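Colleague: I should like a close look at one part of this model, namely a sheet and the strand pairings within it. Please take the neighbouring elements in turn and set out how they are arranged.

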Amino acid sequence: MLVVVKVGTSTLVGSGSSIDHAYIRTLCEQLASLVADGHRVILVSSGAAAAGRERLGFTSRPTDIPSLQACAAAGQALLTEAYAEVFSEYGIPCAQVLLTRRDVVDREGYLNARNTFERLLELGAIPVVNENDTVSVAEFAFGDNDMLGAIVSALVNADLYIICSDVQGLFTANPQRDPNAMLIDRVERIDAEVSQMAGGSGSSFGTGGMATKLMAARAMIAAGIPTVICQGREPSVVKRVVEGEQVGTRFEAPEGSSREKAIKLWIGLAEVPQGSLVLDGGACRAVLERGASILPVGVIRSEGTFQAGDVVNVVSEKGDLLGRGVTRYSSDDIARVHGLKLEVIARFMPEKEGQPAVHRDELLVF
């Protein structure tokens, strides 16, 4: 089994403001045990900026980008040292892999990254992955490592994605505010009702919250990769999840569901959306229930500025994110043709004859 494990900053930091090396040891011991059992493991680790603040002497999180990137650079070295030290006791090589979205937006870069992971796993190494915060800018940032872990999971065709968090999983309400909130064991579809259960932002150390975890889980359901959100500091939690114990919340498509093609996953996960297409109710149902292409007649409007060939979000009129796809029309074109049938469009835009707004082969439906 190929397992991708993502650990968040709030889990790594623990109760204080510095990296908890005792926790890193217990995590590495679990991963080493999985390797001994014949599993292959990739670790997606946050915490570089928090570790770097400690190493560089900052008493609080800096607010300027150069200082944040300096903290990330120093912290990456510290984290890699900490992981490598424990893994070496078990004879396991540790390899650092730093990615930006720019690295995987390009199809060739995406394939090169996949080849690197495959070779490292063949050599018995545990890749330790993080976003390359020292060079990332907003346009090419993953936003949080929950989605980075999802992209890595899809890239390597993982069998299981585990998100180690500071919460037990998805609850029916915020358990800190509602004593009647109940943990949800299993989710097969992330709809508006499930999304509303997600809380707000993460801790003061991390960047993600439950909403970002749900976005990653939604992508993994489309990819056919089971995902578990669990409390990362529970004893042996990673090993227990891999062994099949019911821990946290498991997100998995219904039995018999098919995996999306790799090209669709690349479009939906790696590419940066340049805008949105807002669909009417009929078009939403056609996309969700029949896997249809998106026709201009079902588009209410576009948002943002984009060109033909760009990736755009596909949303309902209520704002629900349905998926992502490659648009065959620019935003200017959509302003002219939305709500029109293809035969009408062909009269004044013959080059678009028969062209859907987004073809179903280039659409990842969440």
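Modeller: The account below begins with one sheet and one of its strands, then turns to a pair of helices and a second sheet.

The model is a predicted one. Its open sheet of 8 strands has mixed pairing and follows the order β3-β4-β2-β1-β5-β7-β8-β6. The edges are formed by β3 (94-99) and β6 (186-187), each of which pairs on one side only.

Strand β4 (residues 126-131) lies between β3 and β2 in that order. On one side, β3 and β4 run parallel and are joined by 6 bridges; here Ala95 stands opposite Pro127 of β4. On the other side, β2 (residues 40-45) also runs parallel to β4, and 2 bridges join the two strands. Along this pairing, Leu43 stands opposite Val128, and Val44 stands opposite Val129.

How do the side chains of β4 point? Ile126, Val128 and Asn130 point one way, whereas Pro127, Val129 and Glu131 point the other way, and all are buried. Because 6 of the 6 residues of β4 are buried, the strand is largely enclosed by the rest of the structure.

Next come the helices. The axes of α2 (residues 21-36) and α4 (residues 65-89) come within 9 Å and cross at roughly 50°. The two helices are therefore oblique to each other, and α2 passes α4 in a right-handed crossing. From α2, the contact is made by His21, Ile24, Arg25, Leu27, Cys28 and Leu31; from α4, it is made by Leu78, Leu79, Ala82, Tyr83, Val86, Phe87 and Glu89. By class, the contact has 10 nonpolar, 1 polar and 2 charged residues.

The second sheet is an open one of 5 strands, in the order β10-β9-β11-β12-β13, and its pairing is mixed. At its edges stand β10 (299-304) and β13 (358-365); each has a single partner strand, so one side of each is left without a neighbour in the sheet. From one strand to the next, the twist averages 30°. Within this sheet, β11 (residues 311-316) and β12 (residues 321-327) run antiparallel and are joined by 5 bridges, with Gly325 of β12 as the bridge partner of Val312. Helix α12 (residues 281-290) packs on the sheet and touches β9 (275-279), β11, β12 and β13. The direction of α12 makes about 105° with that of β9.

Note on methods:
Residues numbered from 1 in each chain as written. Predicted model: local features only at pLDDT ≥ 70, side-chain atom pairs only at ≥ 80, totals over all residues. Heavy atoms only, no water. Axes fitted to C-alpha atoms, helices over the stretch in contact; angles between N-to-C directions. Helix = DSSP H or I, 4+ residues; strand = E, 2+ residues; numbered from the N terminus. Parallel < 35°, antiparallel > 145°, perpendicular 65-115°, else oblique. Left-handed = near helix turned anticlockwise from the far one by under 90°. Contact = heavy atoms within 4.5 Å. Nonpolar A, V, L, I, M, F, W, Y, C, P; charged D, E, K, R; others polar. Pairing = 2+ DSSP bridges. Buried < 20%, exposed > 50% of the residue type's maximum accessible area, 1.4 Å probe, protein only.
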